[in-house]
Amino acid sequence: MLLTDGDFWGINNLKWLLGEYYDLARDSVELIPVNSRFYREMLSLHKKIFAGRAELLPEEMVELINGSYQMWSVLMEWKSFSSSSNDVRVSSKYEDILYDFVGSWESLPSFIDNNRGADYLDLRCKGLTKHLAMTALTSIAALRFDNVEAAVWGVDMLNNWYGNLNEDGYFDEEYSWRSILINPMLPLKNIEGSEWEKILKNCAFNSVSAFGMALKNASLDVRVLTACYILLKPQTDNHLELVRFVKALLSGELMHKTGTVNPWGDEIADAGSLMGAYFRHRDYISSEGRPYGNWLVSILDSFRRINEERKVPGRIYSGWGADSPRSMHRAYVEIGLFFSAGKWMLPNTWQEIITSGVFDHASREIMIHDLRDWVSTARESRNYILFNNDDIELRISNFCESINNIINDLESIQAEAIKVAKIDDNKLLKIGLASSAVFNSLNATAFPLSLFYKINRVDMVSDCIPYQFNISNFEKKSLASEFSSNVINEGESFANLMKQQVKNRIYSKLIGYPISDYQRIFSLEDLSAVVVSLASSFPCPILFICSRSLKNAIRMTLHDVKVAEALKMSRFDGFAAEYLCHIGLCEVYETPADYDYCLLTSRELFDVIDFYQIDQDRFVDVSFTESVESPNVGELIPTANFGQLTNIHFLPQSARG
């Protein structure tokens, strides 16, 4: 047990020993009817290990707290199997042992504080947050076994958790900082980071105050999370007890009355405070990874895995669902409706945070989405146990109107942020590069560029012909430097759009080319006869079908082999997607247009096309013009520069070598 920290096998041996002690703990509860001394001895074991080590590693501390919690777990399991006993002595011993566990468990934080390792802050954070998480688990484990008496103690231990710490609960920085944003994961980060810059408001940093307020906020958050989880428990006969637990966790009042009130004032007394706690649960402030939100999710995950034996492989899910704060919207909404006898607003502290720019644009978008989900949930759900449903419609109306007001405020902030945002030229440049894909050599085989004898890619000259098209109602926020966006990830969409524009440009030039002869056709037989006859009079014949009905008729004919052979229609592999078939030796392609005519010409018509290059690999310049009516959108204008797009003239094949 007392292996040094540097020993390679120290942690593994500790886990093995704790596994052995877990087996002893299970045996000790079986002896309670005979002698409860063995269980009491086991309760003090882990604290003796704490006291016996001069310095603990964080991983060791977490394992020892886990081991201490297992004493509660085995007690709950034993009680569930012995509840049918009528022996008064067993009940009396059980109550005494329950008190002993509560006293032992609530004294653990002092042992954590007294163990000062090389990295005391990290050790204290991991130890206390683990103890807080396991404290929340006590009431859930008790309810898992329908042990209301133990659940009451679990709720009291959680409500009393912060009060048991060596914190005075009051900090000068609480009002000079944005203290309600602090969580236990933040004090471990570099105070030069963006999160602390938003919290400190140019005030001095104090690590003691920061960690104290972080624990205070975390204690309230875990209480709210536990209350929501309890509220989602499937309906049973003891739903009135569940209501008592939820209300106690929200208020912070002890269920075993002591004559004192919650001295710290950390309670959820209105819907605005609940929403503020939810914002913290979602960890909107984190610049990356959302570590605090992940820690809260891990607590919910432990609720689902109650009484999972660590030595048994696999998982036994014995909770009742909910794996993240967002998945518990129904519970948050029910609590919100409970506080919605009248309309309400966010507390001033949260109002200031939202309007100050602490949360970035993406986080505010997530907020708006979450709040809209709350409104939808309120209008759909009807089975509530926290309050009398007689005035449910009034509560829903007050709740939804209050949230919609907050959503409107957030949307106004979003709109103003977009309005004053500056366009990121680098994003426009990247869109131009993405749109240039069709002009690069790797795409030279794309139809109809593959028809050209030669494709030139040359530097810009003064007499080039610009060609541009407009994308209307394009969101400015996708281009603003202040906002992260996935506009660059849509490069393939811009490339395809430009490819289609090039196609349209070529087809437009082709249709405008002087016609040398006209033929009227009334059937596929006429088409076949005309094409076979004319195609033999010039090299490399190619037919473009513009009529949609004719395209469909050809496709249907190709399914009938005998009819297709009679019309000299055949189809080969290895051609572009626009390829329909061959009529005799003539290639047949469809065009995106829908006109009642076809164009028969020669491949030799497609001589040279010039694309003018702005700089390396970029052929498209992109600009953005804001809309006068709505500054949050505008026109995205890609501009490509072509030469004489189709230098169309016939050349003898011999001239081409």
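**A hairpin, its sheet and some further sites**

In the hairpin formed by strands E6 and E7, two residues lie between the strands, and one residue to look for here is Gly-584, which adopts a positive phi near 65 degrees. The model in view is a predicted one, and this turn is a convenient place to begin a tour of it.

The two arms of the hairpin can be followed from there. Strand E6 covers residues 579-583, and five of its five residues are buried, leaving the strand mostly covered. Its partner E7 spans residues 586-590; the two strands run antiparallel and are joined by four bridges. Within this pairing, Tyr-579 has Tyr-589 of E7 as its bridge partner. E6 also pairs with strand E5 (residues 569-570), again in the antiparallel sense, through two bridges. Here Ser-570 is matched with His-582 in E6.

E7, in turn, is paired with strand E4 (residues 541-545), and this pairing is parallel, with four bridges. Phe-544 is found opposite Tyr-589 of E7. Tyr-589 is thus a helpful landmark for the reader: it is the bridge partner of Tyr-579, and it also stands opposite Phe-544.

How do these strands fit together, and in what order do the five strands of the open sheet come? The order is E5-E6-E7-E4-E8, with mixed pairing. E5 and E8 stand at the edges and have a single partner strand each, so one side of each lacks a neighbour in the sheet. As background for viewing such an arrangement, side chains in a regular strand alternate between the two faces of the sheet.

Between E7 and strand E8 (598-602) there is a loop, and Tyr-597 belongs to it. Is Tyr-597 buried or partly exposed? Its relative accessibility is 33%, so Tyr-597 counts as partly exposed. Together with Ile-511 and Tyr-595, Tyr-597 makes a nonpolar surface patch of about 250 Å².

Two helices offer further sites to visit. Thr-138 sits in helix H6, which comprises residues 120-144. With a relative accessible area of 0%, Thr-138 falls under the 20% limit and is therefore buried. What surrounds Thr-138, apart from its neighbours within four places in sequence? Its contacts are with Tyr-69, Trp-72, Gly-154 and Met-157. In addition, a polar atom of the Thr-138 side chain lies 2.5 Å from the backbone oxygen of Thr-135.

Leu-24 belongs to helix H1, made of residues 10-30. Whereas Thr-138 is buried, Leu-24 is partly exposed, at a relative accessible area of 43%. In sequence, Leu-24 and Met-42 are 18 residues apart, and in space their C-alpha atoms are 8.1 Å apart.

The wider setting can now be added. The protein chain contains 22 helices and 11 strands. Of its 657 residues, 50% are buried. Contacts that reach far along the sequence are well represented: among those between residues at least 6 apart, 76% join residues at least 24 apart. The chain exposes about 31,100 Å², and 51% of this area is supplied by carbon and sulfur atoms.

Note on methods. Residues are numbered from 1 along each chain as its sequence is written. This is a predicted model: local features need pLDDT of at least 70, side-chain atom pairs count only at pLDDT 80 or more; totals for chains, interfaces and linings use all residues. Side-chain values use heavy atoms; hydrogens and water are left out. Buried means under 20% relative accessible area, exposed over 50%, partly exposed in between (1.4 Å probe, protein chains only). Two strands pair if DSSP finds at least two bridges between them. Patches are made of residues with over 30% relative accessible area and no salt bridge: like charges are joined within 9 Å, nonpolar side chains (Val, Leu, Ile, Met, Phe, Trp, Tyr) within 5 Å. Accessible areas come from the Shrake-Rupley method with a 1.4 Å probe; for residues, only the protein chains shown count as cover. A salt bridge is a side-chain nitrogen of Lys or Arg within 4 Å of a carboxyl oxygen of Asp or Glu. Contact means heavy atoms within 4.5 Å. A polar contact is a pair of N or O atoms within 3.5 Å; within protein, one must be able to donate a hydrogen and the other to accept it, and residues adjacent in sequence count only if both atoms are side-chain atoms.
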